[in-house]
Amino acid sequence: MPRIDWDRYFMNIARDVALRSTCIRKGRQVGTVIVNDHHEIVATGYNGNPRGMEHCEKIGCVREKLGIPSGERAEICTAVHSEQNALIQAGTRSRGSTMYTLFNPCNTCAKMIANAGILRVVYSVDYPERMGLRTLRDCDVRVKRLR
């Protein structure tokens, strides 16, 4: 059996990390893995409410209650994005790394990714909000969609 490449390997791990997500919206469980240039995992993150706050599975989804479509008004969501959680866990160890995340990052996450010094982002699913991809490219962060 042929060996999978590094991108597929780490994207598979990101899919497993997503299984910890507490988001109750169908198809919106997201996992992220930050990997250094030695192919070592620096940090992982998944989307869910902040520490100490009840999870959406218990309190419900405010976005669904308000009828907000996916990719719009992200600031209304009570959850922290998987990319943000991974960046928080990694701290300065994220500099020079690659981020593997299931969806292309939103614009808020893209700005944080660029400021954290991430050099490359690999994702597999297109998120309705595309401004983050433009921001990453404008900040010279390489982006790859893994199909």
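Before you click anything, sort the residues: Ala, Val, Leu, Ile, Met, Phe, Trp, Tyr, Cys and Pro count as nonpolar, Asp, Glu, Lys and Arg as charged, and the others, Gly among them, as polar. What you have open is a predicted model, where local features need pLDDT of at least 70 and side-chain atom pairs count only at pLDDT 80 or more, while totals for chains, interfaces and linings use all residues. Residues are numbered from 1 along each chain as its sequence is written, and side-chain values use heavy atoms, with hydrogens and water left out.

**Stop 1: the sheet**

Switch to cartoon and pick out the five strands, which form an open sheet in the order E2-E1-E3-E4-E5 with mixed pairing. (Strands are DSSP runs of E, at least two residues, and helices are runs of H or I, at least four, numbered from the N terminus; two strands pair if DSSP finds at least two bridges between them.) Now select 41-46 and 142-145: these are E2 and E5, the edge strands, each with a single partner strand, so one side of each is left without a neighbour in the sheet.

**Stop 2: E3 to E5**

Select 98-103, strand E3, which pairs with E4 in the parallel sense over five bridges. Label Tyr100 and look across to its bridge partner in E4, Val122. To follow the chain from E3 to E4, go through helix H5 (residues 107-116), a right-handed β-α-β crossover (with the strands pointing away from the viewer, the path from the first strand over the helix to the second runs clockwise). Carry on from E4 through helix H6 (residues 131-138) to E5, and this crossover is right-handed too.

Next, E4 itself, residues 120-125, which pairs with E5 in the parallel sense over four bridges. Tyr123 stands opposite Arg145 in E5. Five of the six residues of E4 are buried (under 20% relative accessible area, 1.4 Å probe, protein chains only), so E4 is largely enclosed by the rest of the structure.

**Stop 3: the cavities**

Two cavities of 30 Å³ or more turn up. (On a 1 Å grid over the protein atoms alone, a cavity is a set of points where a 1.4 Å probe fits but cannot get out; lining residues have an atom within 4 Å of a point. Its volume is the space filled by probe spheres set on the points, which are joined across faces, edges and corners.)

For the largest, about 330 Å³, select Arg28, Val30, Asn47, His81 and Tyr127, which lie nearest its centre among 20 lining residues. That lining has nine nonpolar, six polar and five charged residues.

Finish at the second largest, about 50 Å³. Its lining includes Cys23, Cys56, Cys61 and Cys77, and by class it has six nonpolar, three polar and no charged residues.

Key:
On a 1 Å grid over the protein atoms alone, a cavity is a set of points where a 1.4 Å probe fits but cannot get out, and a pocket is an open set with protein on both sides within 12 Å along at least five of seven lines; lining residues have an atom within 4 Å of a point. Buried means under 20% relative accessible area, exposed over 50%, partly exposed in between (1.4 Å probe, protein chains only).
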